[in-house]
Amino acid sequence: MSETEERILATNPIMEAFGNAKTTRNDNSSRFGKYIEIMFNKKTDIIGAKIRTYLLERSRLVFQPLKERNYHIFYQLVAGATDAERVELGLLPVEHFDYLNQGGAPVIDGVDDKVDFDATRDSLSRIGVNTDQQSQIFRILAALLHIGNIKITATRTDSQLSSSDESLARACHLLGIDANEFAKWTVKKQLITRGERITSNLTQQQAVVVRDSVAKYIYSSLFDWLVETINNGLATEEVLGQVNSFIGVLDIYGFEHFAKNSFEQFCINYANEKLQQEFNQHVFKLEQEEYLREQIDWTFIDFSDNQPCIDLIEGKLGVLALLDEESRLPMGSDESFVTKLHHNFAGDKQKFYKKPRFGKSAFTVCHYAIDVTYESDGFIEKNRDTVPDEHMEVLRASSNSFLADVLDAAFTVRERDAAAANVKAGTVAAPGRRPGVAAARKPTLGGIFKSSLVQLMSTINSTDVHYIRCIKPNEGKEAWKFEGPMVLSQLRACGVLETVRISCAGYPTRWTYEEFALRYYMLVPSTSWTSEIQEMAHAILSKALGSSERGGMDKYQLGLTKTFFRAGMLAFLENLRTSRLSEAATMIQKNLRAKYHRRRYLEARESILLFQSLTRGHLARLQVEEVRRVKAATTIQCLWRGQRERKTFNRIRNDLIA
């Protein structure tokens with residue numbers, strides 16, 4: 001493995017540490033979208049890579065649902081820091097940090113955060129982040145944890161934050177910023193009207209939002225800095241000049257539907273609507289190309305196009321446009337935003353939009369997978385993606401040079417994204433013209449995300465795309481357990497069911513002639529078997545399904561190299577094949593049984609005949625022996641009588657002589 005390949009692989013532990021977290025569904029869930037291009041030269045050697053990220057879930061930094069965790073890097077830092085680092089950074093156990101203890105799940109089964117922290121350190125070193133920079137990264141992470149512990153108290157009309165707060169002092173020391181200024185502008189805000197500055201107090205809830213927004217801004221800036229550092233090291237000008245081709249891998253969040261859905265889920269599902277449309281068109285295009293290539297008759301396949309839902313979201317007067325409009329108003333609010341949505345889309349005006357029966361702060365979008373109800377709370381603030389100017393001044397005045405570099409890198413990324421968003425929106429002035437008011441508008445997070453999707457779709461359309469769908473078999477992350485309803489909902493959410501429907505509308509099953517003939521040759525007599533595969537396949541189809549002239553066209557079509565079947569035909573052929581094989585198996589079993597029993601019969605008959613022969617021979621021998629014995633006895637008797645008679649004769653003769 002080359003050094004470049006090792007550095008590319010080293011980016012994965014880093015991105016997972018800073019961008020992944022434990023959720024109820026996944027112990028290592030990506031909370032951002034990632035697109036990585038692996039670059040090749042003319043010799044097809046890997047020479048570099050480039051990463052682009054989409055919509056980091058910033059809110060996870062300050063809030064985690066039950067049984068979930070913050071980003072892995074914080075737990076790795078707490079578990080793996082050395083004793084000296086613990087003292088320097090003021091690190092405490094996880095339970096003592098408000099940004100880490102909300103989910104109540106500080107430990108993941110089978111995961112050692114200390115080991116992972118060592119791997120993260122090693123990976124940072126591989127991509128060119130030296131030990132001093134790593135120490136500065138850990139200082140910023142520790143400062144964010146201390147910011148979460150800053151206590152803001154409520155008074156009757158406003159809020160208070162003591163500049164002597166221990167967590168405040170620790171966080172500001174690590175960041176190199178003025179604690180008094182940070183505390184002041186956390187509980188106060190400043191408005192400029194006609195050149196006059198007006199300072200007012202914030203409530204406790206508003207002050208907490210400001211505190212958290214600063215923390216989220218710093219963390220997202222650090223994340224952007226890491227991505228820029230990776231890209232600067234792996235995609236240098238020299239590398240870009242040698243690129244001949246690339247392979248892009250998009251790892252992006254799937255469709256999300258929770259008990260409470262917010263701005264992040266809205267953007268994620270919007271991205272999935274775009275990707276699902278691309279997926280449907282990709283599958284449909286592949287179907288058409290296959291039919292044309294094989295020169296078969298076909299009709300247009302009608303499939304469910306989700307373009308109306310996409311128009312609802314990104315149209316000129318869509319949800320994003322109304323959200324941007326409300327976000328740019330000084331007194332814009334979530335309630336006013338929802339009211340505009342109901343006015344424009346509720347009722348029969350838009351079938352992909354619904355107004356919930358209960359509650360005035362929610363709206364429902366009918367996505368391709370399922371209807372999702374979004375709570376508007378936080379939509380405006382998240383879409384503005386802003387930190388109070390006073391806090392930005394405090395951060396820029398930091399004595400920490402590394403923090404300044406991080407903020408500068410993040411600013412560069414945001415300016416680049418803003419320029420892309422303005423180009424997409426047509427707000428950039430043409431050459432020779434003065435830019436209008438629209439050109440000076442600061443792009444919103446929704447607008448930036450929309451322009452990023454446009455670029456992503458452009459990249460996808462210019463490449464040869466392959467899709468990988470990840471399906472979880474059960475909620476408990478257990479082996480050998482399959483939950484049907486859960487799998488079905490995932491198949492619906494990732495659009496697989498719709499693509500199956502598209503395929504089934506045409507000829508979903510296709511075999512090459514050779515594959516078909518080898519599998520179904522038994523459906524015709526052996527006299528029809530021939531070396532001409534296409535003729536043999538046609539003979540099989542004619543016998544099994546009927547010829548095309550007799551209605552077989554509705555069941556199958558013959559292409560140049562393949563046979564195409566309507567839905568259900570393969571099952572029919574398989575039944576015929578199974579029946580034929582069953583008959584053949586029965587015939588084979590009958591003949592085998594006949595041969596077996598005939599052999600046993602012949603063996604038994606041979607044994608019986610042999611036994612009879614041996615028995616008869618034995619009996620014959622016994623008879624012969626008996627005859628011999630009788631003859632011998634008779635002979636003995638004769639001899640004995642002759643001897644006795646001779647004795648008698650001799651006695652009588654002797655008596656006569658005497």
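**Local environments, a three-stranded sheet and a pocket**

Ser167 counts as buried, its relative accessibility being 14%, which is under the 20% cut-off for that class. The model examined here is a predicted one. Ser167 belongs to helix H7, which covers residues 166-175. When neighbours within four places in sequence are left aside, the contacts of Ser167 are His146, Asn149 and Ile150.

An open sheet is built from 3 strands, arranged in the order S13-S15-S14 with antiparallel pairing. Strand S13 (509-512) and strand S14 (556-558) occupy the edges; each has a single partner strand, so one side of each is left without a neighbour in the sheet. From one strand to the next, the twist averages 20°. Strands of a sheet pair through backbone hydrogen bonds, in either a parallel or an antiparallel manner. Here, S13 and strand S15 (residues 562-565) run antiparallel and are joined by 4 bridges. Within this pairing, Arg510 has Phe564 of S15 as its bridge partner.

Two helices pack on the sheet. Helix H11 (residues 263-294) touches S13 and S15, and the direction of H11 makes an angle of about 130° with that of S15. Helix H22 (residues 533-545) touches S14 and S15, with an angle of about 160° between the direction of H22 and that of S14.

The second largest pocket encloses about 830 Å³ of space. Its lining comprises 34 residues, of which Arg52, Thr53, Val413, Arg416 and Asp417 are the closest to the centre of the pocket. Several elements each supply at least two residues of this lining: strand S3 (33-40), strand S4 (46-54), helix H9 (204-234), helix H10 (237-242), helix H17 (401-425) and helix H18 (445-461). Classified by residue type, the lining consists of 15 nonpolar, 8 polar and 11 charged residues.

Strands S3 and S4 are connected by a loop that contains Thr44. The phi angle of Thr44 is near 60°, a positive value in a residue other than glycine. Thr44 is exposed, since its relative accessible area is 58%, and the cut-off for exposure is over 50%. A positive phi, near 50°, is also found at Leu55, likewise a residue other than glycine. Leu55 is situated in the loop between S4 and helix H2 (59-62). With a relative accessible area of 14%, Leu55 is buried, whereas Thr44 is exposed.

Notes: Residues are numbered from 1 along each chain as its sequence is written. This is a predicted model: local features need pLDDT of at least 70, side-chain atom pairs count only at pLDDT 80 or more; totals for chains, interfaces and linings use all residues. Side-chain values use heavy atoms; hydrogens and water are left out. Two strands pair if DSSP finds at least two bridges between them. Axes are lines fitted to C-alpha atoms, for helices over the stretch in contact, and angles run from 0 to 180 degrees between N-to-C directions. Contact means heavy atoms within 4.5 Å. Buried means under 20% relative accessible area, exposed over 50%, partly exposed in between (1.4 Å probe, protein chains only). On a 1 Å grid over the protein atoms alone, a cavity is a set of points where a 1.4 Å probe fits but cannot get out, and a pocket is an open set with protein on both sides within 12 Å along at least five of seven lines; lining residues have an atom within 4 Å of a point. Grid points are joined across faces, edges and corners, and a volume is the space filled by probe spheres set on the points. Ala, Val, Leu, Ile, Met, Phe, Trp, Tyr, Cys and Pro count as nonpolar, Asp, Glu, Lys and Arg as charged, and the others, Gly among them, as polar.
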